[in-house]
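Colleague: I am new to this one. Please put it on the screen, then take my questions.

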Amino acid sequence: MQRLSGVFNRTRRPWIDANGASPDEILDVVRRCPSGALHIDRHDGGQAESIPTENVGVLWADGPIQLTGDLHIIAAGVDVEGETRVTLCRCGQSKHKPFCDNSHKDIHFVAEERPRPDAKPLTERTGRLTVIAEKCGPLQLNGPLELYGSDGSLQYAGNETWLCRCGGSGNKPFCDDTHLRNGFAAD
Ligand code: FES
């Protein structure tokens, strides 16, 4: 966190000092946090972070899937409504599943992408996206979503799909049931 070092300083405990900048400056930085680990709860009457009206996914090259929108995340021990930003593990090795913890870098995860010429943009984009991390299985996504590859190409647009999170699919980003054969474990 290099911006607003008066607020975010990892050498300090606690490492966040909300008095180190104005609420608007802090909100500007928090909005850029792709993982959703940072949120702001304003008490000054100012504008809080708004929920995006459209759901968009981006596949990071050889990394996680980043989702922004009106998100409901469901996994073992996790049930979060109204989330706006999240990065979810695709390599299968995160110790904090379903969230990315950068383990993909340690294992040199490779997630090849292929053109998806049949993917067409949605005509109706509004609505909540529910993401269910199935036990020892894929991410089930219900709700409108446009998903883009790391090169910006449209990979998927629709209202229901299953994305691989075991890292083994031969048809990434989609699940192809490889998780049933490679011993993927995720409670
Ligand atoms: S979760 Fe990876 S193939 Fe199904």
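Colleague: Is Cys89 buried or exposed?
Modeller: This is a predicted model: local features need pLDDT of at least 70, side-chain atom pairs count only at pLDDT 80 or more, and totals for chains, interfaces and linings use all residues. Numbering runs from 1 along each chain as its sequence is written, and side-chain values use heavy atoms, without hydrogens or water. The relative accessible area of Cys89 is 4%. The cut-off is under 20% for buried, over 50% for exposed and in between for partly exposed (1.4 Å probe, protein chains only), so Cys89 is buried.

Colleague: How many disulfides does the structure hold?
Modeller: A pair of cysteine sulfur atoms must lie within 2.5 Å to count. For the structure, the number of disulfides is zero.

Colleague: Which cysteine sulfur is nearest to that of Cys89?
Modeller: Cys89 is in no disulfide. The nearest cysteine sulfur is 3.8 Å away. That sulfur belongs to Cys91.

Colleague: What is the relative accessibility of Cys166?
Modeller: Look at Cys166 next. This cysteine counts as buried too, because its relative accessibility is 11%.

Colleague: Where does Ile73 lie?
Modeller: Strands (E, at least two residues) and helices (H or I, at least four) are DSSP runs, numbered from the N terminus. Ile73 falls within residues 65–75. That run is strand 2.

Colleague: Is Ile73 buried or exposed?
Modeller: Its relative accessibility is 2%. So Ile73 counts as buried.

Colleague: Which residues is Ile73 in contact with, leaving aside its neighbours within four places in sequence?
Modeller: Contact means heavy atoms within 4.5 Å. Three partners of Ile73 are Val78, Asp79 and Val80. The others are Glu83, Val86, Phe99 and Val131.

Colleague: What separates the C-alpha atoms of Ile73 and Gly20?
Modeller: Along the chain, Ile73 and Gly20 are 53 residues apart. In space, their C-alpha atoms are separated by 31 Å.

Colleague: How is the protein chain divided?
Modeller: The bounds come from an automatic or database domain assignment. Residues 1–44 form domain 1. Residues 56–180 form domain 2.

Colleague: How many residues does the contact take from domain 1 and domain 2?
Modeller: The C-alpha centres of domain 1 and domain 2 lie 27 Å apart. The contact takes eight residues from domain 1. From domain 2, the number is seven.

Colleague: What is omega for the cis peptide bond of Arg13 and Pro14?
Modeller: Pro14 lies in the segment before helix 1, which covers 23–30. A cis peptide bond joins this proline to Arg13. Omega is about -5°.

Colleague: Which residue does a cis peptide bond join to Lys172?
Modeller: Go to the segment after strand 6 (154–163), where the partner is found. Omega of the bond is about 10°. The partner of Lys172 is Pro173.

Colleague: What is phi of Asp62?
Modeller: Asp62 is found in the loop between strand 1 (56–59) and strand 2. With a relative accessible area of 31%, Asp62 is partly exposed. Phi is positive, in a residue other than glycine. The value is near 55°.

Colleague: What is phi of Asn102?
Modeller: Asn102 is found in the loop between strand 3 (78–88) and helix 2 (103–106). Asn102 is partly exposed, because its relative accessible area is 38%. Asn102 is a residue other than glycine, and its phi is positive. That phi is near 75°.
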